[in-house]
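This report covers helix packing and the surroundings of selected residues in one protein chain. The sequence and structure come first.

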Amino acid sequence: MVKRIGVLTAGGDAPGMNAAIRAVARTGMTYGLELYGIHDGYLGMYEGRIEPMNRKSVSEKMSNGGTFLGTARLADFALEEVRKVAISKLKEFGIDAVVAIGGDGTYRGALALHEMGIKTVAIPATIDNDIEGTDFTIGFDTALQTIVEAVDKLRDTSSSHGRCSIVEVMGRNCGDLAIWTGIATGAEYVICKEVGYNLKDVLANINKAALVKNHAIIIVAENMVNLNELAKQVGENTPFEARTTILGHVQRGGSPTPRDRVLASQMGSAAIHALMKDESGISVAFKNNKIITIPIKNAIKQDDTQVLDMCKLFKELW
Ligand code: F6P
């Protein structure tokens with residue numbers, strides 16, 4: 001039975017990570033376990049920046065965005081020799097299990113730790129919503145809210161000027177943020193990996209919109225198109241002058257929504273229960289309104305089914 005648990009956040013921060021850390025720590029302490037905070041993800045594990053936590057360490061943090069433990073991206077964690085050093089630090093602190101909170105990079109690290117004999121449970125926290133087997137990752141709801149608020153503001157100015165607003169959102173290789181934004185804002189077009197990019201189709205839809213309204217909104221997932229080139233094409237081939245906006249890292253900040261705080265609390269608690277049952281190499285997940293566990297291996301497989309369903313819905317609403 002595990003006794004001393006290390007908790008970390010790694011990769012891009014996501015609103016709700018603090019609530020997840022709190023839930024891990026508080027649930028663990030409720031059942032008599034000892035909790036240690038690992039700073040800056042796998043980097044802090046490698047450098048031995050680890051300290052004991054108490055109930056106070058996690059107080060008054062749930063409503064803050066970001067992660068109070070800090071985070072980092074450590075590409076070298078893919079190297080076995082780096083992981084061996086990190087594991088030796090865990091041993092120095094007598095830590096026998098790890099809860100890793102983050103996205104797919106964090107999950108790969110967690111799986112590698114599990115394969116090297118460290119009991120590890122992962123919690124999905126990324127604004128990208130790109131962990132499989134869970135309907136939602138912690139942070140997605142807050143980021144979506146931030147983006148929708150921004151697009152609603154852009155709508156005010158684009159409709160006043162009769163323009164087309166082209167808005168780039170994050171998501172790495174996953175179109176969830178883009179397509180959910182498109183549905184929630186009634187955008188004219190969404191360009192993301194799952195919908196694809198066809199300039200003729202974009203322009204046709206903007207011209208169709210021009211028959212009934214004096215402005216348009218296009219949501220673009222990052223890494224899909226050259227925004228300036230698209231703006232030029234819209235300006236030359238539709239009635240609208242275009243303006244581009246890259247929302248950038250503002251999407252990762254802000255106080256988590258109640259939904260993200262509750263999801264993080266449920267998942268943090270479930271991670272401790274899984275470790276108490278001696279489970280390892282698993283991820284907690286929210287599926288069909290229930291908290292479940294799935295193998296990390298399955299959580300990092302790419303599966304576009306969920307986002308494709310949303311793309312279909314978006315097209316029905318055009
Ligand atoms: O994974 C979260 C995310 O915000 C992605 O949407 C984006 O592609 C990436 O991180 C940006 O990473 P960084 O903050 O390291 O620039």
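## Packing of α7 and α8

In this predicted model, the axes of α7 and α8 lie 10 Å apart and the two helices pack at an angle of about 50°. Angles of 35 to 65 degrees are neither roughly parallel nor roughly perpendicular, and α7 and α8 are therefore oblique to each other. The crossing in which α7 passes α8 is right-handed.

On the α7 side the contact consists of L199, V202, L203 and N207, which meet L230, Q233, V234 and N237 of α8. By residue class, this contact has 5 nonpolar and 3 polar residues, and no charged ones.

## The two faces of α8

Helix α8 spans residues 227-237, and its buried residues are L227, L230, A231, Q233 and V234. These residues lie on the same side of α8, because the arc they cover around the axis is only 160°. An α-helix has 3.6 residues a turn, so residues three or four places apart point the same way.

What does the buried side of α8 pack against? The partners of its buried residues are four strands and one helix in the following list:

- strand β6 (163-169)
- strand β7 (189-191)
- helix α7 (199-210)
- strand β8 (216-221)
- strand β9 (241-246)

The face turned away from the buried side of α8 carries N228 and E236, both exposed.

## S165 in β6

One of the strands that the buried residues of α8 pack against is β6, and S165 lies in this strand. Is S165 buried or exposed? Its relative accessible area is 6%, and the cut-off for a buried residue is under 20%, so S165 counts as buried.

Leaving aside residues up to four places away in sequence, S165 touches L154, S158, A216, I217, I218 and R243. Strand β8 covers residues 216-221 and strand β9 covers 241-246; S165 has A216, I217 and I218 among its contacts, and also R243.

## Packing of α1 and α9

A second helix pair is formed by α1 (residues 17-30) and α9 (residues 258-276), whose axes come within 7 Å and cross at roughly 40°. Helices α1 and α9 are therefore oblique to each other, and α1 passes α9 in a right-handed crossing.

Helix α1 contributes A19, A20, A23, V24, T27 and G28 to the contact, while α9 contributes R261, A264, S265, G268, S269, I272 and H273. The residues of this contact comprise 6 nonpolar, 6 polar and 1 charged.

## The loop between β3 and α3

The loop between β3 (50-52) and α3 (80-92) holds A78, and G70 is found in this loop as well. Which of the opposite states, buried or exposed, applies to G70? G70 has a relative accessible area of 17% and is therefore buried. A78, with a relative accessibility of 62%, counts as exposed because the cut-off for that state is over 50%.

With residues up to four places away in sequence not counted, G70 touches T9, D40 and G41. Its C-alpha atom is 23 Å from that of I296, and G70 and I296 are 226 residues apart in sequence. For A78 and A210, the C-alpha separation is 50 Å, with their positions 132 residues apart along the chain.

Note on methods: Residues numbered from 1 in each chain as written. Predicted model: local features only at pLDDT ≥ 70, side-chain atom pairs only at ≥ 80, totals over all residues. Heavy atoms only, no water. Axes fitted to C-alpha atoms, helices over the stretch in contact; angles between N-to-C directions. Parallel < 35°, antiparallel > 145°, perpendicular 65-115°, else oblique. Left-handed = near helix turned anticlockwise from the far one by under 90°. Contact = heavy atoms within 4.5 Å. Nonpolar A, V, L, I, M, F, W, Y, C, P; charged D, E, K, R; others polar. Buried < 20%, exposed > 50% of the residue type's maximum accessible area, 1.4 Å probe, protein only. Arc of directions from axis to C-beta.
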